[in-house]
Amino acid sequence: MTPSAATTAKAPIEVSAAMPSLAHLSSAGARELAEKITSKTATIGVVGLGYVGLPLVKAVFRAGFRVIGYDVDAGKVEKLGRGEAYLKHLGEDFCKDLAESDRFSPTSNDQALADADIILLCVPTPLGQHRDPDLSYVLNSTRMVGQTLRRGQLIVLESTTYPGTSRDEMLPLLEKAGATKGLTFGEDYFIAYSPEREDPARPGYTTATIPKLVGGVDADSGRLASAFYRLFIEQVHDVSSAEVAEAAKLLENIYRAVNIAMVNELKVIFDRMGIDIWEVIAAAKTKPFGFQAFYPGPGLGGHCIPIDPFYLTWKAKETGYATKFIELAGEINQHMPRYVISRTMEALNHDGVALRGAKVMVVGLAYKPNVDDVRESPAAEIIKLLHEHGAEVSYHDPHVPEFPPMRRYQYDMKSVPLNTGTLDAMDCVLVITDHDAVDWDTIGKGARLVVDTRNAMARATAPSARIVKA
């Protein structure tokens, strides 16, 4: 048994919708931190200022806390210092407010985290080359926090990961760092898990209005984290352990992944039967119970759904169980970009045009509508496949003016204008993302062939283009 396992048996946390009691915290360190939380005098450090971390900064800052924003990307830090918004959906005014306030300090100096009483880790959890979890960002940021670890700190991981990460991976690293300073987990410092649930630009929801799950590595950690989040999150749900919170986050995304895989498979089957999957879904969703609509697409995008299920399939191997259902869903979803290419080739062949040498405009680089977020976007893989087949590829996306650097894709491309001139030069327009800002009428009237993966052309008025759904 490891030291961490011996000293941190899973003490259950009372599960309640009410504010957890802080009157009976077991250590002076916990009570001191609780006082800072309730009085809002605690300083909050947010590690990672991307699509999860920066919205969290916004919520915490507006709750009245002093915030230290840390990121290894000096460019982000400099932009925040100037009040520039690099995540447009958060608004220009917010970043200006940050820059003008003495309650926000953006930095790339990890030593600044020594001043933080609560540190929120919002770092990437990608997959490795063989689709195994890459926890390097989590572990490296935990080691970094360990360098300035002190009494009265709470460390909360928000990144999606497999059950056991907080207890089995983070805790031993912090225990090792704490031992050199005479610090003890559960008495001097605390660890919890609270998964992010960000969905950029979703109407009607913000970080503050999306319900929050909180699970501690021990009881006091859970109570402290819950008390903190309840000061700026409308609804907080406490669970009995960090493992439950970690597993719940995976369940949320696996649920979506397998249902999307199902409709993607049905799309292929129904297309061969001459049936429109979009009309089928619209018909099925008229049932007021027992059915929830999921929609097909060109592949999965975003940081969560394409990645998170594989965190569980990897971890499940330790139990001797193969996650066949989840892995099959992953195979179906991963195949969708190639299916889109196949349908595009068929559509062009119908017009007597080979894909090799064809001029193809991809509409939409972002992974979802109305944002500039390209993380894991299927558009990148589809552009790669089009290049491999010899097509001349351009793209149009009103939210993504330049193809940004990505882990697996590097293209020197800029968004081309959408007008009758550019459309007339194309052999095919391939719709990947159905942004509201795209002029679908112009596409419908100016393009000869549209391969539509999102049913976006249903918005066009009397289109003259030949439309193929894929």
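Colleague: In β8, which residue is the bridge partner of Leu-213?

Modeller: This is a predicted model. Leu-213 belongs to β7, which covers residues 212-216. Strand β7 runs parallel to β8, residues 236-238, and 3 bridges join the two. The partner of Leu-213 in β8 is His-237.

Colleague: Strand β6 also pairs with β7; in which sense, parallel or antiparallel?

Modeller: Strand β6 spans residues 189-193. One of its residues, Tyr-193, has Gly-215 of β7 as its bridge partner. The two strands share 2 bridges, and their pairing is antiparallel.

Colleague: How many residues of β7 are buried?

Modeller: Side chains in a regular strand alternate between the two faces of the sheet. In β7, Lys-212, Val-214 and Gly-216 point one way, while Leu-213 and Gly-215 point the other way. Both sets are buried. The strand is therefore largely enclosed by the rest of the structure, with a buried count of 5 of 5.

Colleague: And helix α8, how many of its residues are buried?

Modeller: Helix α8 runs over residues 219-229. Its buried residues include the charged Asp-220 and Arg-223, and also Leu-224 and Phe-228. The helix is mostly covered, and the buried count is 11 of 11.

Colleague: How many disulfides does the structure hold?

Modeller: A disulfide is a covalent bond between the sulfur atoms of two cysteines. The sulfur of Cys-95 has its closest cysteine sulfur in Cys-122, 16 Å away, and a disulfide needs the two within 2.5 Å, so they are too far apart for a bond. Cys-95 is buried at 1% relative accessible area, and Cys-122 is buried at 9%. The number of disulfides is 0.

Colleague: What volume does the largest cavity have?

Modeller: A search of the whole structure finds 1 cavity of 30 Å³ or more. Its lining includes Val-52, Glu-158, Arg-197 and Lys-212. The lining residues divide into 5 nonpolar, 1 polar and 5 charged. The volume is about 80 Å³.

Colleague: Which strands stand at the edges of the open sheet of 5 strands?

Modeller: The order is β10-β9-β11-β12-β13, with parallel pairing. An edge strand here has a single partner, so one side of it is left without a neighbour in the sheet. Neighbouring strands are turned by 25° against each other on average, direction ignored. The edge strands are β10 (392-396) and β13 (466-469).

Colleague: In β12, which residue is the bridge partner of Val-431?

Modeller: Strand β11 covers residues 428-431, and β12 covers residues 449-452. They run parallel, joined by 3 bridges. The partner of Val-431 is Asp-452.

Key: Residues are numbered from 1 along each chain as its sequence is written. This is a predicted model: local features need pLDDT of at least 70, side-chain atom pairs count only at pLDDT 80 or more; totals for chains, interfaces and linings use all residues. Side-chain values use heavy atoms; hydrogens and water are left out. On a 1 Å grid over the protein atoms alone, a cavity is a set of points where a 1.4 Å probe fits but cannot get out, and a pocket is an open set with protein on both sides within 12 Å along at least five of seven lines; lining residues have an atom within 4 Å of a point. Grid points are joined across faces, edges and corners, and a volume is the space filled by probe spheres set on the points. Buried means under 20% relative accessible area, exposed over 50%, partly exposed in between (1.4 Å probe, protein chains only). Two strands pair if DSSP finds at least two bridges between them. Helices (H or I, at least four residues) and strands (E, at least two) are DSSP runs, numbered from the N terminus. Axes are lines fitted to C-alpha atoms, for helices over the stretch in contact, and angles run from 0 to 180 degrees between N-to-C directions.
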